[in-house]
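This report asks the reader to examine a structure alongside its sequence. Please keep both in view while reading.

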Amino acid sequence: MFIDLSESFLSQGCTQSKQVSPDIEAVQLNGQTYRVIWKEPVTVTATCLEKGKALLKVNGALNVELFCDRCLTPVEREIGINFEQKIYAPDAVPAEMNADEQVFMEGTQLDITALINSEIVMNWPPKILCKEDCKGICTICGKNLNEGECGCDTFVPDVRMAAIKELFLANKEV
Ligand SMILES: [Zn+2]
Ligand SMILES: [Zn+2]
């Protein structure tokens with residue numbers, strides 16, 4: 001989705017503000033697909049600082065359907081979008097700056113989809129738990145242990161003790 005911001009480059013003080021509902025239904029990250037849930041539109045504001053130069057602000061929030069790191073239960077989490085950057089009209093890009101350094105801009109058009117996708121990745125929650133003390137799932141039967149014990153024998157033998165025992169038995173045979 002592109003938004004034309006040409007009006008915000010005309011002269012100092014002019015402001016363009018728009019509410020948009022981005023066309024993003026899912027995010028791909030690390031080989032996974034996560035559903036995006038929009039609760040409200042995103043606000044895009046561009047204020048002209050001087051002819052050809054504007055300050056772009058994008059604010060909003062979306063919810064993503066994530067999965068608990070331990071038990072894989074779906075968890076909805078809010079991800080904020082708070083982006084601010086100076087943007088330039090194509091004929092006003094400073095000499096020291098390459099036109100392609102203007103991320104998310106194509107001419108006077110803002111690629112709002114690319115901008116929001118990037119914000120989502122930057123603000124992705126580092127750890128996702130359905131609750132602080134999530135018990136996870138049983139590694140034997142796969143039962144969600146938050147729903148109760150499964151009765152599996154989850155005793156894990158000590159690997160080092162097993163190695164010593166093996167060594168002991170091996171020596172005995174000699
Ligand atoms: Zn969990
Ligand atoms: Zn089990």
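The sections below describe a metal site, one helix residue and the aromatic pairs of this predicted model.

## The zinc site

The zinc ion (ligand 1) is held by four sulfur donors, the SG atoms of C68, C71, C130 and C134, at 2.2 to 2.3 Å. The angles subtended by these four donor atoms run from 107 to 114°, and the arrangement is therefore tetrahedral. For comparison, the ideal angle for four tetrahedral donors is 109.5 degrees.

Along the sequence, the donor residues follow the spacing C-x2-C-x58-C-x3-C. C71 belongs to the loop between β6 (53-67) and β7 (74-88), while C130 belongs to the loop between α1 (112-122) and α2 (159-173), so this pair ties together parts that lie 59 residues apart in sequence. C71 counts as buried because its relative accessible area is 7%, which is under the 20% limit. C130, at 30% relative accessibility, is partly exposed.

## A residue in helix α1

T113 is located in helix α1. With a relative accessible area of 16%, T113 is buried. Apart from neighbours within four places in sequence, T113 is in contact with M1, D23 and I24.

## Aromatic pairs

The model contains three aromatic pairs. One of them joins F83 and F104 edge-to-face, with 5.7 Å from centre to centre and 70° between the planes. F83 is part of strand β7 and F104 sits in the loop between β7 and β8 (105-106), so the pair ties together parts 21 residues apart in sequence. Both residues, F83 and F104, are buried.

A single aromatic cluster is formed by Y34, F67 and W124.

Note on methods:
Residues numbered from 1 in each chain as written. Chains lettered and ligands numbered in written order. Predicted model: local features only at pLDDT ≥ 70, side-chain atom pairs only at ≥ 80, totals over all residues. Heavy atoms only, no water. Donors = N, O, S within 2.8 Å, 3.2 Å for Na, K, Ca; no water. Tetrahedral: all angles 85-135°; square planar, octahedral: opposite > 155°, others 65-115°. Helix = DSSP H or I, 4+ residues; strand = E, 2+ residues; numbered from the N terminus. Buried < 20%, exposed > 50% of the residue type's maximum accessible area, 1.4 Å probe, protein only. Contact = heavy atoms within 4.5 Å. Phe/Tyr/Trp six-rings, centres within 6.5 Å; stacked < 30°, edge-to-face > 60°.
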